[in-house]
Amino acid sequence: MPTTLLALDLSTAHGSIAVVRGDDVLFRSTFQSERSHNAQVFAPLREALAAAGNELTGIVIGNGPGSYTGVRIAIAAAQGIALSRNVWCVGWSSLTAPDLDAPASYNIIGDARRQSFYLARVENGRLLPDLEIVSAEIARERTADCEIVYTFDAKCPLGLSLRSAKPDAAKLAKIVQSLPADELAALIAQPLIPHYLAEAFITLPKRPTP
């Protein structure tokens, strides 16, 4: 019997939720939210759970990179559902599931903040581990050598001519659904954490003037 997976991606302002069973998408919902995913995600999430019924096998979340708050909300929601339904939950890179007809392998550029940019590559549904954080100058040079480059940012970085994409929850579910059993088991054993591009930047309070 095919697995029934609930998938959600809140790593960008474009929220995406889906329920997939085999090749069939039983439920799909998208919504736009700049700062309030927590206010908009629960209504479609209830509908998704209703569509999955009692056959829910597991949950997939897009773990970014992207909005730290959005990914944390997705993780909290997934863990709560997994606990109540006694199912597993895993994270998978949001960059592997563009909402368009992308080739099997492609390059990505995104804003990594603090005047830096990330360069990444996806091959056959997998984000390669050698993601790089580079300066604007290097980002321009590298992307100039690529025929097609995608961005998951709302605004194209550096004013470049790129193909804009948004994460698609149904695609995330289908990627995880196709993983070998041993790889899925190893993934289930891992903790759900956001894909951090860099260590958290903490601003320390200024010392009072004596």
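Leaving aside its neighbours within four places in sequence, which residues is Phe-117 in contact with? Let's start there, and keep in mind that this is a predicted model.

So, Phe-117 sits in strand β7, which covers residues 116-123. Its contacts include a run from Ile-109 through Gly-110 and Asp-111 to Ala-112. Then there's another set: Glu-132, Ile-133, Val-134, Ser-135 and Ala-136, with Ala-139 as well. Pro-157 and Leu-158 finish the list.

Is Phe-117 buried or exposed? Its relative accessible area is 9%, and the cut-off for buried is under 20%, so Phe-117 counts as buried. One distance for you while we're here: Glu-137 is 20 residues away from Phe-117 in sequence, and their C-alpha atoms are 9.7 Å apart in space.

Okay, over to Ile-193. You'll find this one in the segment after α6, the helix spanning 181-188. Ile-193 comes out as partly exposed, because its relative accessibility is 49% and exposed would need over 50%.

What does Ile-193 make together with Tyr-68 and Tyr-196? A nonpolar surface patch of about 340 Å².

Ile-193 turns up again in the lining of the second largest pocket, alongside Pro-194, His-195 and Tyr-196. Also on that lining are Asn-63, Gly-91, Trp-92, Ser-93, Arg-126 and Leu-127. Two strands each give two or more residues to it: β5, residues 88-92, and β8, residues 126-127. And how much space lies in that second largest pocket? About 250 Å³.

One last thing to look at on the model: Ile-193 and Tyr-196 are in the nonpolar patch, and both also line that pocket.

Note on methods. Residues are numbered from 1 along each chain as its sequence is written. This is a predicted model: local features need pLDDT of at least 70, side-chain atom pairs count only at pLDDT 80 or more; totals for chains, interfaces and linings use all residues. Side-chain values use heavy atoms; hydrogens and water are left out. Helices (H or I, at least four residues) and strands (E, at least two) are DSSP runs, numbered from the N terminus. Buried means under 20% relative accessible area, exposed over 50%, partly exposed in between (1.4 Å probe, protein chains only). Contact means heavy atoms within 4.5 Å. Patches are made of residues with over 30% relative accessible area and no salt bridge: like charges are joined within 9 Å, nonpolar side chains (Val, Leu, Ile, Met, Phe, Trp, Tyr) within 5 Å. Accessible areas come from the Shrake-Rupley method with a 1.4 Å probe; for residues, only the protein chains shown count as cover. A salt bridge is a side-chain nitrogen of Lys or Arg within 4 Å of a carboxyl oxygen of Asp or Glu. On a 1 Å grid over the protein atoms alone, a cavity is a set of points where a 1.4 Å probe fits but cannot get out, and a pocket is an open set with protein on both sides within 12 Å along at least five of seven lines; lining residues have an atom within 4 Å of a point. Grid points are joined across faces, edges and corners, and a volume is the space filled by probe spheres set on the points.
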